[in-house]
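I opened the coordinates today and kept notes as I went. The entries below follow the order in which I looked things up.

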Amino acid sequence: MRHSSPLLAATLLAITFPAAANENIPNLTGGWSRIGQLVETYEKIPGDSGAGPMLVDPKHPHVDGEGPPQWVAAMDNPILKPDTYKKLKTITDLEIAGVGHLKDEGMCRPSGVPMLLNRRGAAVQILQMKDRVVILNARDQQVRTVYLDAPHSDHVQPSWYGESIGHYENGDTLVVDTVGQNDKTQIDRFGTPHSAQLHVVERYRLSPDHKGLEVQFTVEDPVAFTVPWSGRVRFRPSQQPWDEEICAENNVFIGEVSIAGQVTKTVPIPTALHPDF
């Protein structure tokens with residue numbers, strides 16, 4: 001199985017990458033910031049009649065900067081299998097009651113795919129090389145590596161970001177196929193769970209004027225969802241510098257929150273069983 005490392009991220013950030021010279025390869029390199037009405041949730045793909053992502057309940061709209069409820073899912077979406085529905089309903093009911101749900105980043109956990117795409121501000125940095133594409137998340141310097149034109153490993157062991165294999169299409173699109181994620185991350189801002197059978201295919205498409213990037217993705221998980229469903233996120237180029245975002249340095253919360261439907265006043269911070277120093 002192929003892995004990424006913080007050391008790799010530090011090395012890559014010290015290198016200046018030239019623009020993609022091959023006309024059949026879109027130049028995705030650089031910083032990208034989310035755009036849209038609610039930049040922490042997915043959008044339904046315009047014109048797509050298939051199943052779409054979980055959306056905000058119109059009866060409980062999200063308004064930035066205001067108090068609860070914050071992220072209430074519209075529970076009438078038919079993509080949820082009964083057990084998934086039950087788990088998310090608990091989280092949603094608590095949101096309506098004023099107990100907000102913590103996302104993975106709030107617990108110092110990696111985001112996983114496609115949740116990595118759901119970030120505010122300077123959301124991601126993309127670095128392109130001949131044999132791979134590296135996607136960086138400012139939060140805790142997370143690194144995701146997409147290996148180009150290679151097969152998936154024979155036996156992929158579950159990990160936070162799984163194994164991502166990609167290829168270019170039509171001169172403007174990067175297609176990424178990801179398998180092998182564990183079941184510890186959330187699919188979306190609402191806390192929707194998934195299983196280790198999660199399979200995600202993303203299509204990163206650069207706009208003709210190079211001033212926009214759209215990522216359409218399809219999620220398939222026969223344990224968590226009734227059917228495959230699709231969504232999209234949109235980005236604009238960003239020159240915004242990254243600040244260090246170290247979760248464990250300022251993970252302080254006073255009050256009640258819910259984690260996977262359980263109410264708590266304690267935010268758990270992952271601790272290594274064997275320190276590396």
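**Entry 1: a strand pair.** I started with strand 5 and strand 6 (residues 173–179), which pair in the antiparallel sense over 7 bridges. The model is a predicted one, so I kept the confidence values for a later entry. Across this pairing, I165 stands opposite D177 in strand 6. I then looked at the connection: strand 5 and strand 6 form a hairpin with 3 residues between them. In the turn, N170 has a positive phi of about 60°.

**Entry 2: the other partner of strand 5.** I asked in which sense strand 4 and strand 5 pair, parallel or antiparallel. Strand 4 (residues 142–148) and strand 5 (residues 163–169) pair in the parallel sense, over 3 bridges. I noted L148 opposite G166 of strand 5.

**Entry 3: S164.** I picked S164, which sits in strand 5. I wanted to know whether S164 is buried or exposed. Its relative accessibility is 1%, so S164 counts as buried against the 20% cut-off. The contact list, without residues up to four places away in sequence, has R144, T145, V146 and Y147, and also V176, D177 and T178. Strand 4 spans residues 142–148 and strand 6 spans residues 173–179, so I read the list as contacts with both partners of strand 5. I also took one C-alpha distance: S164 and Y147 are separated by 6.4 Å, at 17 residues apart along the chain.

**Entry 4: the whole chain.** I stepped back and counted elements. The chain has 2 helices and 11 strands. Their order from the N terminus is α-β-α-β-β-β-β-β-β-β-β-β-β. Of the 277 residues, 47% count as buried. I computed an accessible surface of about 14,200 Å², with 53% of that belonging to carbon and sulfur atoms. Among contacts with a separation of 6 or more, 60% come from residues 24 or more positions apart.

**Entry 5: confidence.** The average pLDDT of the chain is 84, and 82% of the residues score at least 70. Over residues 4–20 the pLDDT is below 50, though this stretch still has 20 contacts in the model beyond near neighbours in sequence. Where pLDDT is low, the predicted coordinates should not be read in detail. I therefore took no detail from residues 4–20.

**Entry 6: aromatic rings.** How many aromatic pairs does a search of the whole structure find? I got 4. For Y42 and F217 the ring centres are 4.8 Å apart and the planes stand at 70°, so I logged the pair as edge-to-face. The pair links distant parts of the chain, with the two positions 175 residues apart: Y42 is in the loop between strand 1 (30–35) and helix 2 (82–96), and F217 is in strand 8 (residues 213–220). Y42 counts as buried at 2% relative accessibility, and F217 does so at 1%.

F217 has a further partner in W229, also edge-to-face, at 6.1 Å centre to centre and 75° between the planes. F217 lies in strand 8 and W229 in strand 9 (residues 229–238), so this pair ties together parts 12 residues apart in sequence. W229 is buried, as F217 is. I closed the entry with the grouping: Y42, F217, F225 and W229 form one aromatic cluster.

**Entry 7: the nonpolar core.** Which residues have the most contacts inside the largest nonpolar core? They are Y204 and F235, in a core of 40 residues. At least two core residues each come from strand 2, strand 3 (132–137), strand 4, strand 6, strand 7 (199–206), strand 8 and strand 9. Strand 8 gives the most, with 4 residues. I listed what F235 touches beyond four places in sequence; among them are W32, I35, L117, V124, L213 and V215.

**Entry 8: I126.** My last residue was I126, in strand 2 (residues 124–128). I126 is buried, with a relative accessible area of 2%. Leaving aside neighbours within four places, I126 is in contact with L28, T29, G30, W32, V133, V134, I135 and L213. The C-alpha atoms of I126 and L136 are separated by 6.4 Å, at 10 residues apart along the chain. I noted that W32 and L213 are in contact with I126 and are also touched by F235.

Conventions:
Residues are numbered from 1 along each chain as its sequence is written. This is a predicted model: local features need pLDDT of at least 70, side-chain atom pairs count only at pLDDT 80 or more; totals for chains, interfaces and linings use all residues. Side-chain values use heavy atoms; hydrogens and water are left out. Buried means under 20% relative accessible area, exposed over 50%, partly exposed in between (1.4 Å probe, protein chains only). Contact means heavy atoms within 4.5 Å. Accessible areas come from the Shrake-Rupley method with a 1.4 Å probe; for residues, only the protein chains shown count as cover. Two strands pair if DSSP finds at least two bridges between them. Rings of Phe, Tyr and Trp (its six-membered ring) pair if their centres lie within 6.5 Å; planes under 30 degrees apart count as stacked, over 60 as edge-to-face and the rest as tilted. pLDDT is the predictor's confidence in each residue, from 0 to 100. A nonpolar core is a set of buried Ala, Val, Leu, Ile, Met, Phe, Trp, Tyr and Cys residues joined through side-chain atoms within 4.5 Å.
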